[in-house]
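Me: I have a structure open and some quick things to ask. Can you walk me through it?
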Amino acid sequence: MTDGVIHRPATAADVPSLLATWAESFDGADVGLLWARDPGRLPRTFVAVRDTEVLAAVYYLPRRVRDAAGHIDLVGGVANVATRPSARGRGHVRRLLELAGTAMAADGCAWSLLFTGTPEVYRSSGFQPFTLGYRSGRPVRPAAPAVPGWSVRPAPLADWPEIAPVHRAFNARRPLSTVRTADDWGRRVPFWYAPPAELLVARRHGQVGGYLVTQRSGDRLRVVEVAVWPGQEDALAALFSTVAARAEAAGVPRIEARLPADPAIELALPCLLTDPVAETDATGMVRPVRASAEHLTALLTAPGAFHWPGDYL
């Protein structure tokens, strides 16, 4: 206890103040929506409390993530980290991350993962940043010709039972990718890819061969997820050429292909981008819990390693 502040797991009585803390800390983002759907949320939510007021909070969720060899690690995904402005700079988040780390170890987590725009907050707690590479460029003009046999159309995310097997097959051994459950498809993926994000599905003879998700951000169109069945990689060319044509029609000057360095993607990328340039996303951070530093280094530098935004916490 410091200055009357107690650091402990959350209780049901904390929820109104906890939600108020998040509302005060995250402009326009209702981070409590996903949190409220987690039945084990309270023991894995740690709070700094003075009297009955929650001053700071840290939450984690165990997730199954593939390692460098494609095997599965149990990972503590950290999210909803917040401190009320009046209580910042007093070490509350650092203390709560210590409590969360102890709980992760007890849960059997190998390491911890988070995404942030403020990495300095986490360095003192042992988190190290990593980067994910991607490419951006002008949309191909004119659009590549249609790929014979494929029909590409928008679809609702409610169609996830059809695309989930494609995602699973495409990422069967992809380092850093999350093994999605039906619950993930039912609530987490639709949350992160809600409209105006758009799902495009490629079909041949009525059967799904692949899909991708796009998000508009200012004058850029981002391709944030893609998957195709092994052996049907030409669906990527059909999907990419469709996105390029739609970007051209909408007057979008630039496309970000936020996609892994995958041979099939590389082959089809000329159907999407003109004069691609390399960019990096440096929002990811990791910390060992039970795993070694070498285990994490191997994972983060493995060919094709990628974490899809639909799996954020």
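Reply: Let's start with Ser112. Ser112 counts as buried because its relative accessibility is 0%; buried means under 20% relative accessible area, exposed over 50%, and partly exposed in between, with a 1.4 Å probe and protein chains only.

Me: What kind of model is this?
Reply: This is a predicted model: local features need pLDDT of at least 70, side-chain atom pairs count only at pLDDT 80 or more, and totals for chains, interfaces and linings use all residues. Residues are numbered from 1 along each chain as its sequence is written, and side-chain values use heavy atoms, with hydrogens and water left out.

Me: Which strand does Ser112 lie in?
Reply: Ser112 lies in strand 5. Strands (E, at least two residues) and helices (H or I, at least four) are DSSP runs, numbered from the N terminus.

Me: Which residue of strand 4 is opposite Ser112?
Reply: Gly76 stands opposite Ser112. Strand 4 (residues 72-83) and strand 5 (residues 111-115) pair in the parallel sense, over three bridges. Two strands pair if DSSP finds at least two bridges between them.

Me: How far is the backbone oxygen of Gly76 from the side chain of Ser112?
Reply: That oxygen lies 3.0 Å from a polar atom of the Ser112 side chain.

Me: What else does Ser112 touch?
Reply: Its contacts include Val75, Met104, Phe127 and Met285, leaving aside residues up to four places away in sequence. Contact means heavy atoms within 4.5 Å.

Me: OK, the sheet. What's the strand order?
Reply: The open sheet has 12 strands in the order 1-2-3-4-5-12-6-11-10-9-8-7, with mixed pairing. Strand 1 (5-9) and strand 7 (151-155) stand at the edges. Each has a single partner strand, so one side of each is left without a neighbour in the sheet. The twist averages 30° from one strand to the next.

Me: Which strands does helix 5 touch?
Reply: Helix 5 packs on the sheet and touches strand 8, strand 9 and strand 10. Its direction makes about 90° with that of strand 9. Axes are lines fitted to C-alpha atoms, for helices over the stretch in contact, and angles run from 0 to 180 degrees between N-to-C directions.

Me: Which residues of helix 5 are buried?
Reply: Ile163, Ala164, Val166, His167 and Phe170. Their cover includes helix 6 (182-192) and helix 8 (263-268).

Me: New topic. Is Glu120 buried or exposed?
Reply: Glu120 is exposed, at 56% relative accessible area. Its side chain makes a polar contact with the Arg123 side chain, at 2.8 Å. A polar contact is a pair of N or O atoms within 3.5 Å; within protein, one must be able to donate a hydrogen and the other to accept it, and residues adjacent in sequence count only if both atoms are side-chain atoms.
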